[in-house]
Amino acid sequence: MEQNECGHLIVGVDIGMTYTGVAYSWNNSATRVIQKWKGKHPREVNSKVPTILSYENGDLNGGGKLRQWGFGCDLGRPHIAWFKRYLDPVVLSNFERKLPGQAYKPQAISRFYVDFLTKLYGWIKQTITTSTNTKCANFRNAKVEFLFSLPSTINSPQTAEKFRKYIHQAGFAAGGIYHTAELGLTEPEAAAVDAVTNSDKSFEAGEILIVVDAGGGTTDVCVLELEGNISQPRFRELLHVRGIDVGSTNIDEAFSVLASRKIRSSGLNIKDPENCGWKMALGQDFDYEKCSFGEDGDQTHPVWIGVPDLSEGYTNAGQGITNGKMLFTHDELKGLFDPQIKKIEKTVREQLDEFGRLRPMEQVDHLVLCGGLGSSPYVRRELETCLTGNSNPNVHPRAQVLTVTVSHDPQLAVMKGLVIDRLRKIQTGKPVLASRRSRLSYGVLCKVPFDPKVHNVEDKVKDEVDQKDYANGIIKWIVKKGALLTPDDTILLRDWKQRYLPNAPSRIVEDPIVISDLDEHLLPKTIREDGAELVCTVESDFTEVPDSELKRAHKSGPWYKRHGELYYILENHIKVLIGPATDIEVHSLFNGRRYERETHPVRPGNVED
């Protein structure tokens, strides 16, 4: 059976902090979005499913039996939410340091991810195989590509690999021989693809855009230059993507603190004000007011939020309660949004500063907002006020003509962008994202001839074969942060020399790969210096290479001999492919053949939960 006889399905998955979305295309058709979910009426339309789980007996540590997921969860009972952020071990470590008794264990985060992804995969499969839009009767033998996004705040190959492992454990690549599951574009890159291809506004080649993807847990900012034409736009990143911990869940947290404080100060007979404040933050009343805040431009409109622990008929004007709802002023809600907007503005201005250093005579034309928080009318208006306007004295020198717009489907942009980019690659041979900037520097540890004027004596080692002195632990930087990469770019290191005595019983070579997030001028020269982190070791086995294919050399001999002892030099190449999620593939080549021990792309090893 040919690979495409049963059809070709492309699925884009956006695991969000609060909601998860899935888009797909069947046989190169227009991109669709899954809108019907388990736990909802069959006729009810929802473009995303809540990223939440609940376990038996109210377990909050992932130790019990999974009870429900998504819309099936009862928000009035204990449940797991917002676990996405803890994929990053740094965030989880900070949580543990701040609240040691409440922090999740790494094993619990692993369980949450695998459980949610497993349920999600099952629902995607059921939806696709029963949909009249696909008619995918033979799902197992169809070609199926699952593409997942990651936030740009994930800046570690190990963390990206951990997410990849969870995806595969959930079964995403196990449903058929032609099924694959990979990390695709980062969230802002995918959102940018959707923004430039599906925008209500026509962008022109040569224009510069700043895309701000403000979601539930993170906000990502990227600066792009448009290429191509209106019918087939492409773009390239001018600066590496920036991510900050700003999102709508920060507003939810701030509101829960405000609500619990007002409950305590009002004298209401509520036993647990903090828990009640959380319920109010997660309730429908606040969700509606948060999403519509600033819509009518009214600066005095009061807001009434239901208090779960009060009856609907309870009224006490002195406590600010009417019919079981608590009064919040416009300024109180404004105070929840403004700190987040200030951080977004600061990041945008920093990107404008960097763009100015890159292109001091050019202007940024558009700022495009995506994501749940990015769709907020208040966020858009405030960013317009502080970043644009001819009479605004604080307008950035590189933003004199800047306009602010919201993408066509701001909350669906990431999942649709993943699919659109892949479709464009299939149809034209070129993806929408023509090139991107490396977010990290990547290097290989090596040894070089020792020079006492340059190297430290602590790094000096004597080679057992040629008996010469070398400096060990030197970093040869392959790709430096900010370097321009195309999606299919491979970086080739030539003439990587290894030395062997004749008939050596084994020729095992280990090439340690390191990364750094420091700017180019701060990169360390050796592994002993701060700023570089070992992420994996590529092990290659050249034992089967015959001596006849190697270069001959001789050690320095005594004066009465023409040549010293014979040894061989093997000159291999190292090829590196860097993915958008900072993940890497490394191949070790000799005479056109691969010799790394694994036949699939080498990933950072020993990924721990």
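This report covers strand pairing, cavities, cysteines and selected residues in a predicted model.

## Strands β8 and β9

Strand β8 spans residues 143-150 and pairs with β9 in the parallel sense. The pairing runs over 6 bridges, and within it V144 of the model stands opposite H179 in β9. Helix α3, residues 157-169, completes a β-α-β unit with β8 and β9, and the unit is right-handed.

Strand β9 covers residues 179-186. Of its 8 residues, 6 are buried, so β9 is largely enclosed by the rest of the structure.

## Strand β11 and its partners

Strand β11, residues 219-228, has 8 buried residues out of 10, and it is therefore largely enclosed by the rest of the structure. Its pairing with β10 (residues 208-214) is antiparallel and involves 7 bridges. The two strands form a hairpin, with 4 residues between them. A214 has T219 in β11 as its bridge partner.

Strand β11 also pairs with β12 and with β13. With β12 (residues 233-237) the sense is antiparallel and there are 5 bridges; here L224 has E237 in β12 as its bridge partner. With β13 (residues 242-244) the sense is again antiparallel, over 3 bridges. In that pairing T219 stands opposite I244 in β13. T219 is thus a residue with a partner in both directions, since A214 is its bridge partner and I244 stands opposite T219.## The sheet β14-β16-β15

Strands β14, β16 and β15 form an open sheet of 3 strands, in the order β14-β16-β15, with antiparallel pairing. The edges are held by β14 (303-306) and β15 (321-322). Each of these has a single partner strand, so one side of each is left without a neighbour in the sheet.

Strand β15 is joined to β16 (residues 325-328) by 2 bridges, and the two run antiparallel. I321 stands opposite M326 in β16. The loop between β15 and β16 contains N323, a residue taken up again below under backbone angles.

## Cavities

The search of the whole structure finds 3 cavities of 30 Å³ or more. The largest cavity holds about 60 Å³ of space.

Residues lining the largest cavity include E189, R436, R437, S438, R439 and Y442. L485, I578, G579, P580 and T582 also belong to the lining. By class, the lining has 4 nonpolar, 3 polar and 4 charged residues.

## Cysteines

The count of disulfides is 0. C446 is in no disulfide, and the nearest cysteine sulfur, that of C536, is 15 Å away. For C536 the closest cysteine sulfur is in C446, at 15 Å, which is too far for a bond.

Are these two cysteines buried or exposed? C446 has a relative accessibility of 16% and so counts as buried. C536 has a relative accessible area of 6% and is buried.

## Positive phi at N323 and N591

Most residues other than glycine have a negative phi. N323 is not a glycine, yet its phi is positive, at about 50 degrees. N323 is partly exposed, with a relative accessible area of 49%.

N591 is likewise not a glycine and has a positive phi of about 50 degrees. N591 is found in the loop between β29 (584-590) and β30 (593-594).

## Residue K476

K476 lies in strand β22, which covers residues 469-479. With a relative accessibility of 39%, K476 counts as partly exposed. K476 and I513 are 37 residues apart in sequence. In space, the C-alpha to C-alpha distance between K476 and I513 is 9.7 Å.

Conventions
Residues numbered from 1 in each chain as written. Predicted model: local features only at pLDDT ≥ 70, side-chain atom pairs only at ≥ 80, totals over all residues. Heavy atoms only, no water. 1 Å grid on protein atoms, 1.4 Å probe; cavity = no way out; pocket = protein on both sides within 12 Å on 5 of 7 lines; lining within 4 Å. Points joined across faces, edges and corners; volume = space filled by probe spheres on them. Nonpolar A, V, L, I, M, F, W, Y, C, P; charged D, E, K, R; others polar. Buried < 20%, exposed > 50% of the residue type's maximum accessible area, 1.4 Å probe, protein only. Pairing = 2+ DSSP bridges. Right-handed = clockwise from strand over helix to strand, strands pointing away. Disulfide = S-S within 2.5 Å.
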